[in-house]
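Okay, thanks for coming, everyone. I'll put the structure up and walk you through what I found in it.

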Amino acid sequence: MEPLQKLKILLVDRAANYTDEYLSLVLDEAEAEALAYCRREDVPDGLAVAVVRMALVKVNRTGSDGLSSQGYSGTSEAYIDGYPAEIADILRRYRKLVVL
């Protein structure tokens with residue numbers, strides 16, 4: 001199954017709110033970010049899972065970039081730092097080490 005199709009399935013009904021071009025762009029950005037972090041030029045199957053999940057996080061953060069919670073009466077906000085642990089674990093598994 002193609003990454004775009006997987007992303008649409010994970011978005012469920014919200015997928016109709018986004019164009020294929022937008023979702024493809026988000027997937028491309030997530031892939032570039034994963035490749036840069038992992039110091040790779042290819043995307044193995046296991047890393048492709050993380051790329052789709054990273055794109056899902058990016059789509060979910062659209063409009064509230066980095067906001068994890070918000071209070072209205074007392075005006076408090078909390079921001080997300082990075083990706084969830086399960087995505088970070090996959091990225092670390094595929095990261096190539098650099099020997100200096």
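Let's begin in a loop. Val12 sits between α1 and α2, and Val12 is exposed, because its relative accessibility is 56%. What is the sign of phi at Val12, which is not a glycine? Positive, at about 55 degrees. As a reminder, most residues other than glycine have a negative phi. Arg39 does this too: phi is positive there, about 55 degrees, and Arg39 is not a glycine either. You'll find Arg39 in the loop between α2 and α3. With a relative accessible area of 40%, Arg39 counts as partly exposed.

Before I go on, please keep in mind that this is a predicted model. The mean pLDDT of the chain is 86, and 81% of the residues score at least 70. Which element has the lowest mean pLDDT, and which the highest? Strand β2, residues 76-79, is at the bottom with 52, while α2 is at the top with 95. Where pLDDT is low, we shouldn't read the predicted coordinates in detail. I'll stick to the helices for the rest of this.

Now the overall layout. We've got 4 helices and 2 strands, and starting at the N terminus the order is α-α-α-β-β-α. The chain has 100 residues, and 27% of them count as buried. About 6,800 Å² of the chain is exposed, with 52% of that coming from carbon and sulfur atoms. On contacts: take those between residues at least 6 apart in sequence, and 58% of them join residues at least 24 apart. We'll see an example when we get to the last helix.

First, though, the N-terminal end. How do α1 and α2 meet? The axes of α1, residues 3-11, and α2 come within 10 Å and cross at roughly 105 degrees. So α1 is roughly perpendicular to α2. On the α1 side the contact is made by Pro3, Leu4, Leu7, Lys8 and Leu11, and α2 brings Asp20, Leu23, Ser24 and Leu27.

Let me zoom in on one of those, Lys8, in α1. Is Lys8 buried or exposed? In between, actually: relative accessibility is 30%, so Lys8 counts as partly exposed. Setting aside neighbours within four places in sequence, Lys8 touches Ala15, Asp20 and Leu23. For Leu23, the C-alpha to C-alpha separation from Lys8 is 8.4 Å, and the two are 15 residues apart along the chain.

Okay, over to the other end, helix α4. This one covers residues 85-94, and the buried residues in it are Ile87, Ala88, Ile90 and Leu91. Why do they line one face of the helix? Look down the axis of α4: the buried residues fall within an arc of 160 degrees, so they share a face. You know the arithmetic: an α-helix has 3.6 residues a turn, so residues three or four places apart point the same way. Turn to the other side of α4 and Ala85, Glu86 and Arg93 are exposed.

What covers the buried residues of α4? The cover includes α2, residues 20-38, and α3, residues 45-61. Ile90, which is in α4, gives us a good look at that. Ile90 counts as buried because its relative accessibility is 14%, and the cut-off for buried is under 20%. Beyond neighbours within four places in sequence, Ile90 contacts Gly46, Leu47, Val49 and Ala50. Take Gly46: Ile90 and Gly46 are 44 residues apart along the chain, with their C-alpha atoms separated by 7.6 Å. That's the sort of long-range pair I promised you.

Next door in sequence is Asp89, another α4 residue. Asp89 has 37% relative accessibility, so Asp89 counts as partly exposed. From the C-alpha of Asp89 to that of Ala50 is 9.2 Å, and those two are 39 residues apart along the chain.

So, to pull the helices together: α1 crosses α2 at roughly 105 degrees, and α2 and α3 are among the elements covering the buried residues of α4. And if you turn to β2, remember its mean pLDDT of 52. That's what I had, so let's discuss.

Technical notes
Residues are numbered from 1 along each chain as its sequence is written. This is a predicted model: local features need pLDDT of at least 70, side-chain atom pairs count only at pLDDT 80 or more; totals for chains, interfaces and linings use all residues. Side-chain values use heavy atoms; hydrogens and water are left out. Buried means under 20% relative accessible area, exposed over 50%, partly exposed in between (1.4 Å probe, protein chains only). Contact means heavy atoms within 4.5 Å. Accessible areas come from the Shrake-Rupley method with a 1.4 Å probe; for residues, only the protein chains shown count as cover. The arc is that of the directions from the helix axis to the C-beta atoms. pLDDT is the predictor's confidence in each residue, from 0 to 100. Axes are lines fitted to C-alpha atoms, for helices over the stretch in contact, and angles run from 0 to 180 degrees between N-to-C directions. Angles under 35 degrees count as roughly parallel, over 145 as roughly antiparallel, 65 to 115 as roughly perpendicular and the rest as oblique.
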